[in-house]
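The following exercises are to be worked with the sequence and the model at hand. Each task is followed by a solution in steps.

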Amino acid sequence: MTFTTRPTLRGTFGMVSSTHWLASQSAMGVLERGGNAFDAAVAAGFVLHVVEPHLNGPAGEVPAILATADDPTPRVLCGQGPAPAGATVAHFRSLGLDLVPGSGPLAAVVPGAVDAWLLLLRDHGTRSLAEVLEPAIGYAAAGHPLVGAAGQTVERVRSLFTEHWPTSAELWLRHGRAPAAGEMVTNPAYARTLRRLVDAAGAAGADRVAQIEAARRAWREGFVADAIDRFSRLPFRDSSGRSHAGLVTGADLAGWSATWEEPVTLDWRGHTVAKTGFWGQGPVLLQTLSVLDALDDPRALDPSTVDGIHAQAEALKLAFADREAWYGDTGETPAALLSPAYARARATLIGARASTALRPGSPAGAPPRLPAHLHAHAARRAGPQDPSTGEPTVRADGVTRGDTCHVDVVDRWGNIISATPSGGWLQSSPTIPELGFPLGSRLQMCWLEEGLASTLTPGRRPRTTLSPTLVLRDGEPVLACGTPGGDQQDQWQLLFLLRHLVGGQELQEAIDAPAWHTTSLPASFYPREVEPGVLVVEDRLDPDVLAALGARGHTVRRSDPWSLGRLCAVARDPRTGVLSAAANPRGAQGYATGR
């Protein structure tokens, strides 16, 4: 029997896995009271705003993929807000900027998370808004024991808060210091915000849908939009070292809403893997799987061997190069990126040694175009950073890499959802005092250069890293999974899926296995640097394997033994109805529950 840090949970009633135990148990409580997977996910999402404020927030974003018991066809919920109307390349250039700042009001997109959660509750939930918000309101008003990483984040940006962001200092430095691990922390302003949404819903009468629509209006057109509009106009210090006002207005909030979309899918070794569209990085996973298949070598599918790690890392580099050249919210991404012929052509580029080049392809003969910033900084490597468990790597100016949450839920009826909330971090922008949360900074993923797939354009979504996954077999959903981690999200999910779907490992075993990822790709987060040839590994990997990888040209950077990845997963066997779940032990924060 293979040792695992925790059991793979099994039952038939319901399963939840998320990046925080309070969110998981809150979701399970909703299932116990008769709610379905979507009610439970909404409850968890709002609890995550409170208990993981360094990893997501109400003004952040959330993409999700789901399937219902009545219709197993996967659907994407897009809670990624777009660039505001005033966010033009010309405006940023007029400020003397060549990159969108990584923090501060100027980096904000239209908030997407809350409207998306409410749309999910309206269309697929069964419970009232008051019921699903009850846990979050309770934790915000009465308090919760703060996880240590959140307090550490506050400590890293203490001087920014005290010198430039006084409203954030008032919330997070109440005693003149950052909160300690386990200290009871409240957010009264956010509790009031949620109560006002519930009050708006209650004033709409007894109809559940009318109530939720009333809350959406209060958010997008009412008191929330008004407060954001006022606060966004104030200048605050950002990562450029100067102060700038934001661009998000009340009109931007009123003019946008979350949407339902078709996923991008790949049929792969008896399964269908569903991801968001090319406005996110999710298709990187699909391209990588296609290239590995095109290699036609079973050794390429094992994430623990020299041959497997080398092939997978090289395939990931090729997919991420295509992400940089072709992915974006343009509606014009070449369909050939996912064709078998293109995968075969790309597979021929994988040689015996590690590549340090950025090699986008030419799907259907179209020439790729990369940002000039990458050419100008081709020899510039990113400085050392902590490749932690998805917990924040935050600089003193608020710039953040890879801060995200995740939640998966499956219920006894067969409803299933994978959601990856992120953005709106406590360190992303100053706190809006009457609302209890800051704006996000996702706009930093857009380029200030015309003619690119991810050029900053008003009304278009930034090319997000957020990447939930749904897997089907014979047309039936069997697995929902995801992880925080920015550019690492689809890399860590690749290892998990290979171990589970190909290697036959159970959920927890596949999550616990040693993880690695490459940083030989253009980072999505400010200041958009590259580390050519670098492979970051948990040093639990076999030393002989690590030595052999170095011999093949990889620059191997050892990380702590349990430091990479924060995977969550739930599964359902359509034949038996047995449900299962597992959660990441790294960071001692993720939690799976069910029965």
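**Exercise 1. Describe the pairing of strand 19 with strand 23, and place the pair in its sheet.**

Step 1. Strand 19 (residues 476–482) and strand 23 (residues 568–572) are antiparallel partners joined by four bridges. Strands are DSSP runs of E with at least two residues, helices are runs of H or I with at least four, and both are numbered from the N terminus; two strands pair if DSSP finds at least two bridges between them. The model is a predicted one, in which local features need pLDDT of at least 70 and side-chain atom pairs count only at pLDDT 80 or more, while totals for chains, interfaces and linings use all residues. Residues are numbered from 1 along each chain as its sequence is written, and side-chain values use heavy atoms, with hydrogens and water left out.

Step 2. Within this pair, leucine 479 lies opposite alanine 571 of strand 23.

Step 3. Helix 13 (residues 283–295) packs on the sheet and touches strand 10, strand 11 (271–275) and strand 18 (469–473); contact means heavy atoms within 4.5 Å. The direction of helix 13 makes about 25° with that of strand 10, where axes are lines fitted to C-alpha atoms, for helices over the stretch in contact, and angles run from 0 to 180 degrees between N-to-C directions.

Step 4. Helix 17 (residues 489–502) also packs on the sheet, touching strand 10, strand 11, strand 18, strand 19 and strand 23. Its direction makes about 140° with that of strand 19.

Step 5. The open sheet has seven strands in the order 1-24-23-19-18-11-10, with antiparallel pairing. Strand 1 (9–11) and strand 10 (264–268) each have a single partner strand, so one side of each is left without a neighbour in the sheet. From one strand to the next, the twist averages 20°.

**Exercise 2. Which strands pair with strand 15, and are its faces covered or open?**

Step 1. Strand 3 (residues 62–67) runs antiparallel to strand 15 and is joined to it by four bridges. Leucine 66 is opposite isoleucine 417.

Step 2. Strand 14 (residues 407–411) is likewise an antiparallel partner of strand 15, over four bridges, with valine 407 opposite alanine 419. These two strands form a hairpin with four residues between them, and glycine 414 in the turn has a positive phi of about 105°.

Step 3. Both faces of strand 15 (residues 416–419) are covered: Ile416 and Ser418 are buried on one side, Ile417 and Ala419 on the other. Buried means under 20% relative accessible area, exposed over 50%, and partly exposed in between (1.4 Å probe, protein chains only).

**Exercise 3. How far apart are the end C-alpha atoms of helix 4, and how many of its residues are buried?**

Step 1. The expected span is 1.5 Å times one less than the number of residues. For the 12 residues of helix 4 (residues 113–124) this gives 16 Å, and the end C-alpha atoms are 16 Å apart, which agrees.

Step 2. Nine of the 12 residues are buried, including Trp117 and Leu120.

Step 3. Trp117 and Leu120 are among the residues with the most contacts inside the largest nonpolar core, which has 87 residues. Such a core is a set of buried Ala, Val, Leu, Ile, Met, Phe, Trp, Tyr and Cys residues joined through side-chain atoms within 4.5 Å. Helix 2 (residues 37–51) supplies the largest share of this core, 12 residues.
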